[in-house]
Amino acid sequence: MIVVRRTYIPNPGAGGTLLGLVKQASAEMETAGFSRPRILRTAFGDHGTIITEQSWKSLKDYDSSRDLVRATQRITQVFDQIYPLLASTHNTEVLIEVD
């Protein structure tokens, strides 16, 4: 099992809008048949930072999903609104569950 963690740091003043859009993107992913990402917000550090975590059975399953996600217009339309709000591109980490 792996967990894909994405970190989104908004431009100043865009945190609330970013959070709403990340929630919408997560719901669209679930509607499309993917597991719904867990959404976290930092209490300290870069203001307004949003982190999502999504479980996958394997790295292969995650890699296979990328083309399907990009082909799902309802998801990509939300991300088209997210990207202009970010201070830089989001960071993606793949974590391996050990226990």
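# Legends to close-up views

**View A. S26 touches R36, P37 and I39, residues up to four places away in sequence being left out of the count (contact: heavy atoms within 4.5 Å)**. The model is a predicted one, in which local features need pLDDT of at least 70 and side-chain atom pairs count only at pLDDT 80 or more, while totals for chains, interfaces and linings use all residues. Residues are numbered from 1 along each chain as its sequence is written, and side-chain values use heavy atoms, with hydrogens and water left out. S26 belongs to helix α1 (helices, H or I, of at least four residues and strands, E, of at least two are DSSP runs, numbered from the N terminus). Its relative accessibility is 3%, so S26 counts as buried (buried: under 20% relative accessible area; exposed: over 50%; partly exposed: in between; 1.4 Å probe, protein chains only).

**View B. Helix α1 is shown with its buried residues and the elements that cover them**. The 17 residues of α1 should span 24 Å at 1.5 Å a residue, and its end C-alpha atoms are 24 Å apart, which agrees (expected span: 1.5 Å times one less than the number of residues). Buried in α1 are G15, L18, L19, L21, V22, A25, S26, E28 and M29. Their cover includes strands β1, β2 (38–41) and β3, together with helices α2 and α3. Just after α1, G33 adopts a positive phi of about 100°.

**View C. L19 is seen in helix α1 with its contacts**. With a relative accessible area of 16%, L19 is buried. Apart from neighbours within four places in sequence, the residues in contact with L19 are I39, R41 and I50. L19 and R41 stand 22 residues apart along the chain, and their C-alpha atoms are separated by 8.5 Å.

**View D. Helices α1 and α3 pack with their axes 9 Å apart, at an angle of about 165°**. That angle makes α1 roughly antiparallel to α3. The axes are lines fitted to C-alpha atoms, for helices over the stretch in contact, with angles from 0 to 180 degrees between N-to-C directions; angles under 35 degrees count as roughly parallel, over 145 as roughly antiparallel, 65 to 115 as roughly perpendicular and the rest as oblique. The crossing of the two helices, α1 and α3, is left-handed (the near helix is turned anticlockwise from the far one by less than a right angle; clockwise is right-handed). From α1, the residues L18, L21, V22, Q24, A25, E28 and M29 meet R74, I75, V78, F79, Q81 and I82 of α3.

**View E. Helix α3 is shown with its buried and exposed residues**. I75, V78, F79 and I82 are the buried residues of α3. They cover an arc of only 100° around the axis, which puts them on the same side of α3 (arc: that of the directions from the helix axis to the C-beta atoms). An α-helix has 3.6 residues a turn, so residues three or four places apart point the same way. The buried residues of α3 pack against β1, α1 and α2. On the face turned away from this buried side, α3 carries the exposed residues Q73 and D80.

**View F. Helix α2, residues 59–70, is shown with its surroundings**. At 1.5 Å a residue, its 12 residues should span 16 Å, and the end C-alpha atoms of α2 lie 17 Å apart, which agrees. Y62, S65, R66 and V69 are buried in α2. Seen down the helix axis, the buried residues of α2 fall within an arc of 120°, so they line one face. They pack against strands β1 (2–8), β3 (50–56) and β4 (91–96), and against helices α1 (15–31) and α3 (73–82). K60, D67 and L68 are exposed on the other side of α2.

**View G. T92 is seen in strand β4 with its contacts**. The relative accessible area of T92 is 36%, and T92 is therefore partly exposed. Neighbours within four places in sequence aside, T92 is in contact with V4, R5, R6 and Y62, the last of which is also one of the buried residues of α2. The C-alpha atoms of T92 and R38 are separated by 14 Å, with these positions 54 residues apart along the chain counted as their separation.

**View H. L86 is seen in the loop between α3 and β4**. L86 is buried, its relative accessible area being 8%. Residues up to four places away in sequence excluded, L86 touches Y8, I9, P10, N11 and L18. L86 and S26 are 60 residues apart along the chain, and 17 Å separates their C-alpha atoms.
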